[in-house]
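Thanks for coming, everyone. Let me put the sequence and the structure on the screen, and then walk through them slowly.

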Amino acid sequence: MDLLLGPFAEFAFMRRALVGCVALSISAPPIGVFLVLRRMSLMSDAMSHAILPGAAIGFLVSGLSVPAMTIGGLGAGLAVALLAGFATRTTLIKEDASLAAFYLMSLAGGVLLVSLNGSNLDLLHILFGTVLALDDQAMLLLGGVATVTLGWLALFFRPLVLECVDPLFLRAVSRLSTATHLSFLAVVVLNLVAGFQALGTLLAVGLMLLPAVTARFWAEDLTGLLPVAIGVALLASTIGLLVSYHLSWPSGPAIILTAGAFYVLSLVVGPRGGLLSRLRPMRHLEA
């Protein structure tokens, strides 16, 4: 019990890291579930890198200021999403290709800005985050993003599900199609910015997508996917923090690697399409 509870009972920074990860685990995985259902997983990875130049500009203006870097990251992420959408609708290039082009330019520009005007430590902080150094502003941001995300899901849950299943039907019977799509992209960017504060731009998408993909091996509908994804994220965050404390590993990579370990385990033993489940003989008419 001392190995499990001792670090959180003894050190305030571990408790703050755990609370921040809990807030992120409640808000990001449900968005990841819908990204997976809409086959937009790689888009979220591109968007996580696209926020880097905005965060870098905020860093150059105000240093490691949470409000400045948050505003900059939101602006950059939304700008890349809008530019990629404009290029897709006005040229022959497909959405995935235009998004990849803009996010690569954004990533390179952000790294260049930080490298020219900051130190290697600043660059590592922005790229990989500092979950063990969350201050009051970062905690408020994570809690606020979780609140906004859950409120948005409550308001747009039905049209969001319809858009995942049949976007043309939603467009025909409701005026909420455009509002649902655009607000969903905004919530994705918002959660990536929140994840950036804890896990950095390179790992922010990890706690959003890995639990969502893992949940597909344990549940088959949204009533199961959402709680399983949140539960996997909570377990990965807690175990990752404990592993980083006891083994002196970086906390962000430890959390994401733990989530990855849950995915690999589910890939093998998951009852919904895991490797072992596919090897067992099927019952009559089950095929």
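I will begin with burial: of the 287 residues in the chain, 47% are buried, where buried stands for under 20% relative accessible area, computed with a 1.4 Å probe and protein chains only. Please keep in mind that this is a predicted model, in which local features need pLDDT of at least 70 and side-chain atom pairs count only at pLDDT 80 or more, while totals for chains, interfaces and linings use all residues. Residues are numbered from 1 along each chain as its sequence is written, and side-chain values use heavy atoms, with hydrogens and water left out.

As for the secondary structure, the chain has 14 helices and zero strands, these being DSSP runs numbered from the N terminus, with H or I over at least four residues for a helix and E over at least two for a strand. The radius of gyration is 20 Å, close to the 19 Å that the globule rule gives for 287 residues, so the chain is as compact as a globular protein of that length; the radius is taken over C-alpha atoms, and the rule is 2.2 Å times the number of residues to the power 0.38. Along the principal axes, the C-alpha atoms fill a box of roughly 65 × 60 × 30 Å.

Let me turn to one helix in particular. Helix α4 covers residues 52-62, and its buried residues are Leu52, Pro53, Gly54, Ala55, Ala56, Gly58 and Phe59. Just after α4 comes Gly63, which takes a positive phi of about 75 degrees.

Technical notes:
Buried means under 20% relative accessible area, exposed over 50%, partly exposed in between (1.4 Å probe, protein chains only).
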